[in-house]
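Subject: the structure you asked to look at

Hi,

Here is the structure to open in your viewer. Have a look around first, then read on for what turned up.

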Amino acid sequence: MPPPRTRGTALRQRLAELRGPDVPAKALDARALAALAANPGCKRRALLDGAGVNKAALAGALGSPSAFGQSQFALTRGNAFEAKVKADGGAELLRLVHERLDPGAEPPASASVPDLTASGPEGRTARTALALREATGPARGTWTLLDHPMLALEVAGSPAFLEPDAVVVHPDGTWTVVEIKSFPMLDGSADPAKVGAAARQAAVYVLALEEVAARLDPAPKVRHRVLLVCPKDFSNLPTASAVDVRKQRAVTSRQLARLTRVQDIADALPEGVCFSPELPAEQLTAAVEAVPATYAPECLAACELAFHCRDRARAAGAVTSLGRSVRADLGGLSRVDDVLAAARGEAGDPEDPAVAALRRAARLRAEALGAMCP
């Protein structure tokens, strides 16, 4: 008799069934985990990412191919800027860390840059953990720069391997995540949406570093203020800003906890649901629609299925297609038809603040149009 399946084994088998026969799981990276935190209420994304479904292939099979991702030009420009920031043993990068995060420490005249080369992601993860332990040991007191370390974070019962741009160990033994981006900082500030996305991504690395730190005795402190390095104004010169990611870390932690319960979402699906891109479009569409989604325009910059979900939200007249702030202002009115009917006085409770505001707006609009067209 075969041994009984544990919940973890049963979950992995269920997720494999959802992907389809012989379909390998797509590994989650920090961008994907950060995007989950940007839309924590979307069960569809939680299930598909937890199951390792390739959403880009799925979107193509559904007839809504994704334009999600960076251009080759942006990647090349980003790689060139990162190389400039890390040149000369990371001297400029460490200067920025010292200036923005730890001005009371000894200036980084020199730093240790350990070799993190190893075989496979598991080997690199182990080598990174060893380098962090050595840099935080009794002989600490110097700066250490880990260039592209490898970290692991358990997601839905499987390890997700993550590669931050850099991790710096301060002379006092604390650890800092460094994010290097190619979008500019103009007059000391950058695009808030891009900074938010970078903060969510850095928060994933902070969580993974905390797991490494927890295995050491005493556990070193992982700083919740990360360093965001960007080009200054319209030049290629690096500048930096300290970003507090405690809020993003808390949201990401809660979302990852939800991912460990994706079996609850999977158990609510009809029998035989599968997301293999090899299935007929009709069957695949039915499978995707069986999982509730929470679409918002912000998904267009973060999810490969955004075009499909947007088309469905528009077809259903869902107010979520107008944005989260509009959805929040409309209270219990979830469909565009209901909103218009409430504004015309044909439906809705007059005591509802959202309905009252809509009717007032409709009256003001009618008065304005009447004044323009005597």
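In which helix is Pro-121 found? The answer is α7. Before going further, please keep in mind that this is a predicted model.

Let's stay with Pro-121 for a moment. Its relative accessible area is 33%, so it counts as partly exposed. If you set aside the neighbours within four places in sequence, Pro-121 is in contact with Met-150 and Phe-161. You can also try a distance: Pro-121 and Glu-163 are 42 residues apart in sequence, and their C-alpha atoms are 9.7 Å apart in space.

Now for the helix itself. α7 covers residues 120-135, and here is a small check you can do on it. With 1.5 Å a residue, its 16 residues should span 22 Å, and the C-alpha atoms at its two ends are indeed 22 Å apart, which agrees. (The expected span uses one less than the number of residues.)

Which residues of α7 are buried? They are Thr-125, Thr-128, Ala-129, Ala-131, Leu-132 and Ala-135. Looking down the axis of α7, you would see these buried residues fall within an arc of 165 degrees, so they line one face of the helix. A bit of background helps with this: an α-helix has 3.6 residues a turn, so residues three or four places apart point the same way. Glu-122 and Glu-134 are exposed, and they sit on the face of α7 turned away from the buried side.

Next, the whole protein. It has 15 helices and 8 strands. The chain has 374 residues, and 44% of them count as buried. Its C-alpha atoms fill a box of roughly 80 × 70 × 40 Å along the principal axes. If you take the contacts between residues at least 6 apart in sequence, 65% of them join residues at least 24 apart.

A few helix pairs are worth a click.

Start with α2 (residues 30-38) and α8 (192-214). The axes of α2 and α8 come within 8 Å and cross at roughly 115 degrees. The range that counts as roughly perpendicular is 65 to 115 degrees, and α2 and α8 are therefore roughly perpendicular to each other. On the α2 side, the contact is made by Ala-30, Arg-31, Leu-33, Ala-34, Ala-37 and Ala-38. On the α8 side, Arg-200, Gln-201, Val-204 and Tyr-205 take part. The crossing of α2 past α8 is right-handed.

α2 also packs against α3 (residues 43-50), at an angle of about 160 degrees and with the axes 10 Å apart. Angles over 145 degrees count as roughly antiparallel, and that makes α2 roughly antiparallel to α3. Here the contact is made by Ala-32, Ala-35 and Leu-36 of α2 with Arg-45, Ala-46 and Asp-49 of α3. This crossing of α2 and α3 is left-handed.

The third pair is α5 (residues 72-85) and α6, whose axes come within 6 Å and cross at roughly 90 degrees. That makes α5 roughly perpendicular to α6. Ala-83, Lys-84 and Val-85 in α5 meet Ala-87, Gly-90, Glu-92 and Leu-93 in α6.

While you are at α6 (residues 87-101), find Gly-89, which has its place there. Gly-89 is partly exposed, with a relative accessible area of 42%. Apart from neighbours within four places in sequence, Gly-89 is in contact with Leu-94, Val-113 and Leu-145. The C-alpha atoms of Gly-89 and Gly-196 are separated by 29 Å, and the two residues are 107 apart along the chain.

Last, some backbone oddities in the loops. Where is Pro-218 found? Look in the loop between α8 and β7 (225-231). A cis peptide bond joins Asp-217 to Pro-218, with omega about 0 degrees.

Then there are two aspartates to check. Asp-187 is not a glycine, yet it has a positive phi of about 55 degrees. Asp-187 lies in the loop between β6 (175-180) and α8, and with a relative accessible area of 76% it is exposed. Asp-233 is not a glycine either, and its phi is positive too, at about 50 degrees. Look for Asp-233 in the loop between β7 and β8 (238-244). Its relative accessible area is 27%, so Asp-233 counts as partly exposed.

Have fun clicking through it!

Cheers

Notes. Residues are numbered from 1 along each chain as its sequence is written. This is a predicted model: local features need pLDDT of at least 70, side-chain atom pairs count only at pLDDT 80 or more; totals for chains, interfaces and linings use all residues. Side-chain values use heavy atoms; hydrogens and water are left out. Helices (H or I, at least four residues) and strands (E, at least two) are DSSP runs, numbered from the N terminus. Buried means under 20% relative accessible area, exposed over 50%, partly exposed in between (1.4 Å probe, protein chains only). The arc is that of the directions from the helix axis to the C-beta atoms. Axes are lines fitted to C-alpha atoms, for helices over the stretch in contact, and angles run from 0 to 180 degrees between N-to-C directions. Angles under 35 degrees count as roughly parallel, over 145 as roughly antiparallel, 65 to 115 as roughly perpendicular and the rest as oblique. A crossing is left-handed if the near helix is turned anticlockwise from the far one by less than a right angle, and right-handed if clockwise. Contact means heavy atoms within 4.5 Å.
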